[in-house]
Amino acid sequence: MQIQDVQDALFALRTGWTAPRHAARCVYGVYLAAGHNLPGIAVSDSGLLYIGKTETGTAPQDHFDPPGRDSGTSTDRRTLGALLREDLGLTAQPGSFGINCGNVSSYCFSLSGEARLSDWIRASLLVSRLPFSGDVASAQSLLVRHLEPPLNITNWQNPQRDHIMNMRRICAEEALLCLD
């Protein structure tokens with residue numbers, strides 16, 4: 001399968017965020033739904049935001065919207081929250097609820113902020129999954145290098161990386177203020 005074939009398949013398989021979860025090993029794509037944007041992030045016409053992988057059957061959307069958990073347990077979700085902080089009125093606080101308490105790099109948001117972030121994710125993002133029986137980590141790395149999704153900050157020279165890291169730093173600093 002060629003990269004263009006995978007790109008086309010991922011695009012064709014886009015579905016709503018609450019679609020049934022699959023237990024298969026896969027590469028997956030996260031896309032902005034038509035008419036939505038992510039503040040400060042330039043996105044290609046396809047809306048592709050992120051290319052991920054799952055080797056253990058974990059549902060791909062769990063990285064962005066972990067059931068029963070919050071942003072403190074997901075770097076991908078923290079990134080979205082940092083980028084949407086002003087638009088959604090999110091306030092960062094240290095650690096996850098009951099996990100990593102006091103860890104400002106694993107910041108989360110208030111319960112109401114986490115709910116607003118989940119609502120935004122479900123309304124604004126699409127996910128696609130492509131079962132993959134080979135080396136999923138190498139496939140993800142190759143796809144990221146070629147498709148250059150803006151939320152993947154490794155495996156390519158992402159020009160938006162500094163902005164993303166700055167927004168995450170601002171949230172970590174805000175969470176640090178809660179410890180005073």
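Buried, for this talk, means under 20% relative accessible area. By that cut-off, 49% of the 180 residues of the protein chain count as buried. The model is predicted, so please keep that in mind throughout.

First, the layout. The protein chain has five helices and six strands. Read from the N terminus, the order is α-β-β-β-α-β-β-α-β-α-α. Taking contacts between residues at least 6 apart in sequence, 69% join residues at least 24 apart. The accessible surface is about 8700 Å², and carbon and sulfur atoms account for 51% of that.

I will spend most of the time on helix α2. This helix covers residues 75-88, which makes 14 residues. What span should those residues have at 1.5 Å a residue? The expected value is 20 Å, and the end C-alpha atoms are 18 Å apart, so the two agree. The helix does bend, by about 40°, at Ala 82. Just past its end, Gly 89 has a positive phi of about 65°.

How many residues of α2 are buried? Eleven of the 14 are, which leaves the helix mostly covered. The buried set includes Leu 80, Leu 83, Leu 84 and Leu 88, but also charged residues, among them Asp 76, Arg 77, Arg 78 and Arg 85. As for what covers them, the buried residues of α2 pack against strands β3, β5 and β6 and against helices α3 and α5.

Next, the nonpolar cores. The largest one has 29 residues, and those touching the most other members are Leu 38, Leu 80, Tyr 107, Trp 120, Leu 125 and Leu 151. At least two residues of this core come from each of β2, β3, α2, α3, β6 and α5. Leaving aside residues up to four places away in sequence, Trp 120 touches Leu 32, Asn 37, Leu 38, Leu 80, Leu 84, Leu 88 and Leu 125. Of those partners, Leu 80, Leu 84 and Leu 88 are buried residues of α2. Another core, of 15 residues, lies apart from the largest one; its members include Val 6, Tyr 31, Leu 48 and Val 144.

Now the charged pairs. The count of salt bridges comes to three.

One of them joins Arg 77 to Glu 114, with the closest N and O atoms 2.9 Å apart. Arg 77 sits in helix α2 and Glu 114 in helix α3, 37 residues apart, so this pair links distant parts of the chain. Are these two residues buried or exposed? Both Arg 77 and Glu 114 are buried.

Another salt bridge is between the side chains of Arg 85 and Glu 174, at 3.3 Å from N to O. It also connects distant parts of the chain, with Arg 85 in helix α2 and Glu 174 in helix α5, 89 residues apart. Arg 85 and Glu 174 are buried too.

The remaining pair is Arg 169 and Glu 173, whose side chains meet at 2.7 Å, N to O. These two residues are four apart in helix α5, and therefore about one helical turn separates them. Arg 169 has a relative accessible area of 39%, so it is partly exposed. Glu 173, at 40%, likewise counts as partly exposed.

To close on α2: the helix is mostly covered, it contributes at least two residues to the largest nonpolar core, and it holds Arg 77, paired with Glu 114 of α3, and Arg 85, paired with Glu 174 of α5.

Technical notes
Residues are numbered from 1 along each chain as its sequence is written. This is a predicted model: local features need pLDDT of at least 70, side-chain atom pairs count only at pLDDT 80 or more; totals for chains, interfaces and linings use all residues. Side-chain values use heavy atoms; hydrogens and water are left out. Buried means under 20% relative accessible area, exposed over 50%, partly exposed in between (1.4 Å probe, protein chains only). Contact means heavy atoms within 4.5 Å. Accessible areas come from the Shrake-Rupley method with a 1.4 Å probe; for residues, only the protein chains shown count as cover. The expected span of a helix is 1.5 Å times one less than its number of residues. The bend at a residue is the angle between axes fitted to the seven residues ending there and the seven starting there. A nonpolar core is a set of buried Ala, Val, Leu, Ile, Met, Phe, Trp, Tyr and Cys residues joined through side-chain atoms within 4.5 Å. A salt bridge is a side-chain nitrogen of Lys or Arg within 4 Å of a carboxyl oxygen of Asp or Glu.
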